[in-house]
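Reader: I keep hearing about salt bridges in class. Could you walk me through some in a real example?
Author: Sure, let's have a look together.

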Amino acid sequence: MMKKYTLLMFLLGLAFHTSAQTESDYNQHEIKLNILNTIVQGSVEIGYEYFVDRDQSIGVEYLINDRFGYNGQGNGKEYNTNSILVSYNFYFLNDYDPASLYVYPFFKYRFGDFTEPDEPFVTDMNSAMLGIGVGYKWVQRDKFAIAPYVNIARGFSQEVTDRFSAVEINAGVSIGYRF
């Protein structure tokens with residue numbers, strides 16, 4: 001578990017170090033929270049984006065209490081899972097409007113386990129996923145951003161596929177602050 005936190009801190013540190021070496025006329029960093037899934041599922045999805053250019057960014061997200069799709073917890077079902085997601089985001093910018101459509105291929109790794117209701121059976125949720133997402137981001141004065149999005153991913157764990165599905169759909173609304 002500590003290795004995963006160390007990896008996250010390393011990636012964030014690398015992004016900050018890289019940004020200190022360049023100067024730009026726009027904010028290159030964005031921190032964000034997926035507010036929809038925090039409300040609906042009780043999961044906390046925090047993220048960071050480093051803009052390598054106005055229309056491209058590298059994103060890292062840490063998903064605490066991550067669920068498979070929108071399968072709920074309760075009635076004996078217990079998720080003990082977290083995930084880390086790395087993406088490369090492409091924005092389709094318009095010179096006159098800071099709002100834009102974006103797409104992002106991503107790699108996600110979920111770790112933890114799932115306990116079945118009324119059974120002692122535990123599913124090992126450790127799995128890698130590849131996916132793609134699409135969203136729309138509104139930016140106010142290059143400071144505040146709000147972005148609804150949806151993504152689809154293919155998992156590569158037979159144990160997870162046996163219990164759930166090989167394909168996972170996820171959606172959310174992130175609220176971000178740029179600096």
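**Salt bridges, pair by pair**

Author: This is a predicted model. Here, Glu49 and Lys32 form a salt bridge, with 2.8 Å between the closest N and O atoms. The two sit in distant parts of the chain, 17 residues apart: Glu49 in strand E2 (residues 44-53) and Lys32 in strand E1 (residues 29-34).

Reader: Why is the contact between Glu49 and Lys32 called a salt bridge?
Author: The cut-off is 4 Å between a Lys or Arg side-chain nitrogen and an Asp or Glu carboxyl oxygen. The closest N and O atoms of Lys32 and Glu49 are 2.8 Å apart, so the pair counts.

Reader: Are those two buried or exposed?
Author: Glu49 and Lys32 are both buried, and buried means under 20% relative accessible area.

Reader: What makes Asp66 and Arg110 a salt bridge?
Author: Their closest N and O atoms are 3.1 Å apart, and the limit is 4 Å, so this pair qualifies too.

Reader: Why do you say that Asp66 and Arg110 tie parts of the chain together?
Author: Because Asp66 lies in the loop between strand E3 (56-64) and strand E4 (78-94), while Arg110 is in strand E5 (residues 97-115), parts that are 44 residues apart in sequence.

Reader: Which salt bridge does Glu168 make?
Author: Glu168 meets Arg110, at 2.9 Å from N to O. Glu168 lies in strand E9 (residues 167-178) and Arg110 in strand E5, so this pair joins parts 58 residues apart in sequence. Both Glu168 and Arg110 are buried.

Reader: How many salt bridges does the structure hold?
Author: It holds 9. There's also a salt-bridge network, with Glu49 and Lys32 among its members.

Conventions: Residues numbered from 1 in each chain as written. Predicted model: local features only at pLDDT ≥ 70, side-chain atom pairs only at ≥ 80, totals over all residues. Heavy atoms only, no water. Helix = DSSP H or I, 4+ residues; strand = E, 2+ residues; numbered from the N terminus. Buried < 20%, exposed > 50% of the residue type's maximum accessible area, 1.4 Å probe, protein only.
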